[in-house]
Amino acid sequence: MSLDWIGASPLIAAISTGFRIGIGLVGLILVAANTMSVIKTVVIPRALASRLVTLIRKTTAGTFGYLAGLSDSFERRDRFLTFEAGMMLLLQLLTWLAVYILGFGLILWAIENRGLGSGLTEAGSSLFTLGFATPHRAG
């Protein structure tokens, strides 16, 4: 996007272009790291864990362990802890989805330069396959 309409100098235009390239690279790194996390966790048959999955696992286990420790009876603790694995799986899936939306949103923001909100809306629409966001076409 040209900055001529605000009388921007070439230096400001170069900084703006550099910023967009940097944002696009951050988005690309997020998407690549997230894809590696999914592959390590779901596809590879060995026990390989990414940092993201390890963080979710430790946070969920710590939270459930603390809350279960507040209960007096073994039966209540056991009943409460049965939900830990399901919650961990749900949080992993939601985190992967959120990181993909953020990464692709940053890439679209850098490419289209219409704002972060527009990039996130387009990325969310594409990932959920609902098609609620209509593309803006030039001309």
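A residue counts as buried when its relative accessible area is under 20%, as exposed when that value is over 50%, and as partly exposed in between. Keep that scale at hand as we walk through this predicted model, starting with one serine. S50 has a relative accessible area of 9%, so S50 is buried. This serine is found in the loop between α1, which covers 10-43, and α2, which covers 51-69. Setting aside its neighbours within four places in sequence, S50 is in contact with S37 and K40.

Now let us step back to the whole protein. The protein has five helices and zero strands, and reading along the sequence gives the pattern α-α-α-α-α. Of its 139 residues, 25% count as buried. The accessible surface comes to about 9,600 Å², and 70% of that surface belongs to carbon and sulfur atoms. Among the contacts with a separation of 6 or more, 50% are between residues 24 or more positions apart.

A good place to look at such contacts is W96, which lies in helix α4. Its relative accessibility is 7%, and because this is under the 20% cut-off, W96 counts as buried. What does this tryptophan touch, once residues up to four places away in sequence are not counted? The list for W96 is N34, S37, V38, T41, V42, L52 and V53. For V38 there is also a backbone distance to check: the C-alpha atoms of W96 and V38 are separated by 7.6 Å, although the two residues are 58 residues apart along the chain. You may recognise S37, which is in contact with S50 as well.

Let us stay with α4 and ask about its geometry. The helix runs over residues 84-112. At 1.5 Å a residue, its 29 residues should span 42 Å, and the end C-alpha atoms are 41 Å apart, which agrees. The helix is followed by N113, whose phi is positive, near 55°.

Further along α4 there is an aromatic pair to inspect. A pair of aromatic rings is described by the distance of the centres and the angle of the planes. The count of aromatic pairs in the structure comes to three. For Y100 and F104, the ring centres are 6.0 Å apart and the planes meet at 15°; planes under 30 degrees apart count as stacked, so this pair is stacked. Why are Y100 and F104 about one helical turn apart? The two residues are four residues apart in α4, and this separates them by about one helical turn. The general rule behind this is that an α-helix has 3.6 residues a turn, so residues three or four places apart point the same way. As for their cover, Y100 is buried at 18% relative accessibility, whereas F104 is partly exposed at 31%.

Right after F104 in the numbering comes G105, also in helix α4. Is G105 buried or exposed? Its relative accessibility is 0%, so G105 counts as buried. Not counting residues up to four places away in sequence, this glycine touches Y100, G119, L120 and A123. The C-alpha atoms of G105 and G119 are separated by 4.3 Å, with their positions 14 residues apart along the chain.

That brings us to helix α5, residues 116-128. With 13 residues at 1.5 Å a residue, α5 should span 18 Å, and its end C-alpha atoms are 18 Å apart, which agrees. The buried residues of α5 are G119, E122, A123, G124 and S125, and what covers them includes α4. After α5 comes T129, with a positive phi near 55°.

One salt bridge is present in the structure. The side chains of E112 and R114 form this bridge, at 2.6 Å from N to O. Both partners are partly exposed: E112 has a relative accessible area of 33%, and R114 has a relative accessibility of 32%.

Finally, turn to the surface, where Y66, L67, L70, F80 and L81 form a nonpolar patch with about 490 Å² of accessible area together. Which helices each supply at least two residues of this patch? They are α2 and α3, the latter covering 74-81. Y66, found in helix α2, has a relative accessible area of 58%; being over 50%, this value makes Y66 exposed.

Notes
Residues are numbered from 1 along each chain as its sequence is written. This is a predicted model: local features need pLDDT of at least 70, side-chain atom pairs count only at pLDDT 80 or more; totals for chains, interfaces and linings use all residues. Side-chain values use heavy atoms; hydrogens and water are left out. Buried means under 20% relative accessible area, exposed over 50%, partly exposed in between (1.4 Å probe, protein chains only). Contact means heavy atoms within 4.5 Å. Rings of Phe, Tyr and Trp (its six-membered ring) pair if their centres lie within 6.5 Å; planes under 30 degrees apart count as stacked, over 60 as edge-to-face and the rest as tilted. The expected span of a helix is 1.5 Å times one less than its number of residues. Patches are made of residues with over 30% relative accessible area and no salt bridge: like charges are joined within 9 Å, nonpolar side chains (Val, Leu, Ile, Met, Phe, Trp, Tyr) within 5 Å. Accessible areas come from the Shrake-Rupley method with a 1.4 Å probe; for residues, only the protein chains shown count as cover. A salt bridge is a side-chain nitrogen of Lys or Arg within 4 Å of a carboxyl oxygen of Asp or Glu.
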